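Please read the sequence alongside the structure shown here, and keep both in view while following the explanation below.

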Amino acid sequence: MNYEDIKKQAEEAMQNSVNGFENRIANIKAGRATESILDGITFSYYGTETPINQAATISIPEARLLVIKPWDKNNVKAIKNAILKSNIGINPQDDGEVIRLPFPQLTEERRKEYTKEVDTYSEDAKISVRSKRRDAMDEVKKSEKSGDITEDDKFSLEDELQKITDKYIKAIEEITQKKNKELMSV
């Protein structure tokens, strides 16, 4: 594998680790209503598992209230049951036409638990980025042995891989700080 391919693959893999981390913490709620809490929740719609946002209008009329208005009123019960089964920690309320998800105010203790959870996921993401660096370094050594890159290229590529790794570790730390600040400031 050549110099640029190794660098490009490592960068893409590290970016995927950061994206995965962001997706993982997106559903950690900060006491505010967010549509992302419904991501991944599906219900049976004419025999097909369908995401809620593809069969209903979702709105946030207040900071701590999410309202789901199914396009077909017959789906209210199915959507409500899917939300209950998903175990998101919010009890849906329905009036036969719309489903309301009232987000409870977070206690100080619960916020601290959430920040610990974010920190755990952050550390997992950093480990993943470092693992990608190690894989790339192994590829650099193989490429040098096979003659695809020179010894000088090996050293400069190792330096570049470390700089890329540092960039993504810093990005993870910034995302972590932002999320923890959001969780503690509600």
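The paragraphs that follow take up the sheet, then a pair of helices, and then a pocket.

The model is a predicted one, and a convenient place to enter it is the open sheet, whose four strands run in the order β3-β4-β6-β5 with antiparallel pairing. Its edge strands are β3 (56–62) and β5 (93–94), each of which pairs on one side only. Strands of a sheet pair through backbone hydrogen bonds, either parallel or antiparallel. Between strand β4 (residues 65–70) and strand β6 (residues 99–102) the pairing is antiparallel and extends over four bridges, and here Ile 68 stands opposite Ile 99 in β6. Helix α2 (residues 76–86) packs on this sheet, where it touches β3, β4, β5 and β6, and its direction makes about 25° with that of β6.

Turning to the helix pair, the axes of α3 (residues 108–146) and α4 come within 10 Å and cross at roughly 170°. Because angles over 145 degrees count as roughly antiparallel, α3 and α4 are therefore roughly antiparallel to each other. The contact of α3 with α4 comprises, by class, 14 nonpolar, six polar and 14 charged residues.

Helix α4 (151–184) also takes part in the largest pocket, since both this helix and α1 (3–26) supply at least two residues each to the lining. The volume of the largest pocket is about 170 Å³, and its lining is made up of Glu 22, Ile 25, Ala 26, Ile 175, Lys 178, Lys 179 and Glu 182. With four residues, α4 gives the most to this lining, and by class the lining residues divide into three nonpolar, no polar and four charged.

Conventions: Residues numbered from 1 in each chain as written. Predicted model: local features only at pLDDT ≥ 70, side-chain atom pairs only at ≥ 80, totals over all residues. Heavy atoms only, no water. 1 Å grid on protein atoms, 1.4 Å probe; cavity = no way out; pocket = protein on both sides within 12 Å on 5 of 7 lines; lining within 4 Å. Points joined across faces, edges and corners; volume = space filled by probe spheres on them. Nonpolar A, V, L, I, M, F, W, Y, C, P; charged D, E, K, R; others polar. Axes fitted to C-alpha atoms, helices over the stretch in contact; angles between N-to-C directions. Parallel < 35°, antiparallel > 145°, perpendicular 65-115°, else oblique. Pairing = 2+ DSSP bridges. Contact = heavy atoms within 4.5 Å.
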